[in-house]
Every structure is written in C-alpha cells, then in structure tokens.
Amino acid sequence: MNKNLAKVVYNLRKVRAVFLDRDGTINAEVNYLSRVEDWQLLPQADTAIRLLNEQGWRVAVITNQAGVGRGYYPAEAVAALHAHLRAELARVGARVDGIYVCPHHPDDNCECRKPKTRLFEQAAREFDIDLSASYAVGDKLSDLIPGRALGCRAILVLTGHGQTHRAMAEQQGFQPDHIADDLYQAVQWILQHEASIRL
Ligand SMILES: [Mg+2]
Ligand SMILES: [Zn+2]
C-alpha cells in the first residue's frame with residue numbers, strides 16, 4: 001500500500017479523544033458547585049463539543065468532585081448536574097461520550113483523583129482511545145499532568161483558574177502544548193493543528 005494511503009487508513013481507524021475538565025473549562029467555576037441553578041455553561045462550550053462530535057472525536061469529561069468526599073454535597077447532586085449538562089448539550093446537538101468522576105476527599109489518596117491517571121485510562125479502555133493522538137484540556141495543571149503522562153497533548157484554558165495555573169506552569173517548568181482563551185478556542189486549535197500534522 002502506498003505510504004500516504006496507509007497513513008490515511010490508520011488515521012481513520014484510530015480513536016482520538018479530547019479529555020475535558022469540567023469546572024472552569026466547560027462551565028463557570030463556582031467553588032464546590034452542587035446546584036443546577038448555579039450551573040452556567042461557558043460561552044460556546046456547547047458548540048466546541050459539537051465540533052469535536054462532528055469530527056469524530058470522543059469526548060470524555062474527567063472531574064474531581066472532592067465536595068462529595070468532604071460531605072458538602074451527595075453524589076446525587078453531581079449526577080443531577082451531569083444530567084443537566086447532557087440536556088444542555090443535546091439542545092445544540094452535542095454530546096459527551098463519558099463523564100468520569102473522582103468523588104474522594106484529597107486525603108483519601110485514591111487512585112482516581114487528578115493528577116492521577118486512572119480515570120483517563122478507564123475512558124481510554126472503554127473507547128479504545130489512542131492516547132498519543134489525544135488531548136487533555138483544562139484550567140488547572142492537575143488536568144494536564146495526567147494527560148501529558150499518558151502521551152496526550154495538553155492545552156491550558158484561561159477560563160476558571162487558568163490565569164493562576166499559567167503562572168504556576170511557568171514556575172514549575174510545565175509547558176502546555178498550547179494556551180487558549182477558552183474551550184472553543186482550544187478546540188479550534190486542536191482541529192487546525194490536526195489538519196496540519198495529519199496531511
Ligand atoms: Mg477546572
Ligand atoms: Zn478518587
């Protein structure tokens with residue numbers, strides 16, 4: 001087979017994903033958000049996710065919800081927020097393929113709380129995701145570190161805690177592959193970057 005054709009076939013077969021943080025990335029950052037009435041989708045976040053759906057990307061949301069482990073709100077409140085998220089996305093024809101939650105207290109030292117990689121790996125197994133062709137997007141270093149550790153590209157968004165974490169990244173010598181104003185700009189960059197490297 002011609003080498004370019006082989007590459008095209010390979011690119012068609014592999015499953016690429018974008019791992020999205022939730023709070024401060026998809027929805028406005030609210031400390032220990034638990035009530036649907038306090039939930040606010042960030043501008044164009046739904047459109048950004050729809051663009052990924054349309055281009056054949058898997059979209060997995062990975063979120064630390066220590067408020068459950070701290071006893072601030074029950075797991076049912078998290079489930080209700082996620083039902084709301086799915087309904088909001090459905091309104092514009094967008095969807096997420098999976099939502100993965102760490103409900104533990106930071107002191108539990110569980111295996112799933114970001115920056116650990118377990119939830120990313122779980123999603124990767126479920127959807128047979130090619131991690132080296134995938135991206136992690138979030139407003140904190142702890143969203144990007146597990147993605148980077150697994151071979152994904154890492155994009156910091158400046159919504160939520162993004163400005164603070166841009167400074168932290170500089171101090172710690174962590175270089176995101178890209179820094180975007182928000183999720184929509186991050187997705188635009190991913191799609192353009194992919195078009196340039198996959199041809
Ligand atoms: Mg966040
Ligand atoms: Zn956990």
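Two strands count as paired if DSSP finds at least two bridges between them. With that in mind, open the model, which is a predicted one, and begin with the sheet.

**Stop 1: the sheet**

Show the strands as a cartoon. Six of them form an open sheet, in the order 3-2-1-4-5-6, and the pairing is parallel. Strand 3 and strand 6 (178–180) are the edge strands, each pairing on one side only. From one strand to the next, the twist averages 20°.

Now select strand 1 (17–20) and strand 4 (135–138). These two run parallel and are joined by three bridges. Within this pairing, Leu20 stands opposite Val137 in strand 4.

Add helix 8, residues 183–197, which packs on the sheet. Helix 8 touches strand 1, strand 4, strand 5 (153–157) and strand 6, and its direction makes about 150° with that of strand 5.

**Stop 2: the magnesium ion**

Select ligand 1, the magnesium ion, together with Asp21, Asp23 and Asp139. What does each residue supply? Asp21 and Asp139 each coordinate through OD, whereas Asp23 coordinates through O, at 2.1 Å. Along the chain the donors follow the spacing D-x1-D-x115-D. Asp21 is in the loop between strand 1 and helix 2 (45–54), and Asp139 is in the loop between strand 4 and helix 6 (141–149), so the pair ties together parts that are 118 residues apart in sequence.

Are Asp21 and Asp139 buried or exposed? The cut-off for buried is under 20% relative accessible area. Asp21 is buried because its relative accessibility is 7%, and Asp139 is buried at 1%.

**Stop 3: from Asp21 to a salt-bridge network**

Keep Asp21 on screen and add Lys114 and Asp143. The side chains of Lys114 and Asp143 meet in a salt bridge, 2.8 Å from N to O. This pair links distant parts of the chain: Lys114 is in the loop between strand 3 and helix 5 (118–127), Asp143 is in helix 6, and they are 29 residues apart. Both residues are buried. Through salt bridges that share partners, Asp21, Lys114 and Asp143 are joined into one network. Asp21 therefore appears at two stops, as a buried residue, as a donor to the magnesium ion and as a member of this network.

**Stop 4: strands 2 and 3**

Move to the edge of the sheet formed by strand 3. Select strand 3 (residues 98–102), where four of the five residues are buried. Strand 3 pairs with strand 2 (residues 58–64) in the parallel sense, over five bridges. Asn64 stands opposite Cys102 in strand 3. Leave Cys102 displayed for the zinc stop.

**Stop 5: salt bridges at Asp97**

The whole structure has 12 salt bridges. Select Arg58, Arg95 and Asp97 for two of them. Arg58 and Asp97 meet through their side chains at 3.4 Å, N to O. Here too the pair links distant parts of the chain, with Arg58 in strand 2 and Asp97 in the loop between helix 4 (75–91) and strand 3, 39 residues apart. Arg95 also forms a salt bridge with Asp97, and the closest N and O atoms are 3.3 Å apart.

Colour the three residues by accessibility. Asp97 counts as buried at 18%, whereas Arg58 counts as partly exposed at 30% and Arg95 as partly exposed at 42%.

**Stop 6: the zinc ion**

Select ligand 2, the zinc ion, with Cys102, His104, Cys110 and Cys112. The cysteines coordinate through SG and His104 through ND1, at 2.1 to 2.3 Å. In sequence these donor residues are spaced C-x1-H-x5-C-x1-C.

Why is the arrangement tetrahedral? The four donor atoms subtend angles of 100 to 119° around the zinc ion, and four donors count as tetrahedral if all angles lie between 85 and 135 degrees. The ideal tetrahedral angle for four donors is 109.5 degrees.

Check accessibility at two of the donors. Cys110 is buried at 12%, and Cys112 is buried at 11%.

**Stop 7: helix 7**

Finish with Thr164 in helix 7, residues 162–172. Thr164 counts as partly exposed, at 48% relative accessibility. Add Lys140 and draw a distance between the C-alpha atoms: Thr164 and Lys140 are 24 residues apart along the chain, with 8.3 Å between these atoms.

How values were computed. Residues numbered from 1 in each chain as written. Chains lettered and ligands numbered in written order. Predicted model: local features only at pLDDT ≥ 70, side-chain atom pairs only at ≥ 80, totals over all residues. Heavy atoms only, no water. Donors = N, O, S within 2.8 Å, 3.2 Å for Na, K, Ca; no water. Tetrahedral: all angles 85-135°; square planar, octahedral: opposite > 155°, others 65-115°. Buried < 20%, exposed > 50% of the residue type's maximum accessible area, 1.4 Å probe, protein only. Salt bridge = Lys/Arg side-chain N within 4 Å of Asp/Glu carboxyl O. Axes fitted to C-alpha atoms, helices over the stretch in contact; angles between N-to-C directions. Contact = heavy atoms within 4.5 Å.
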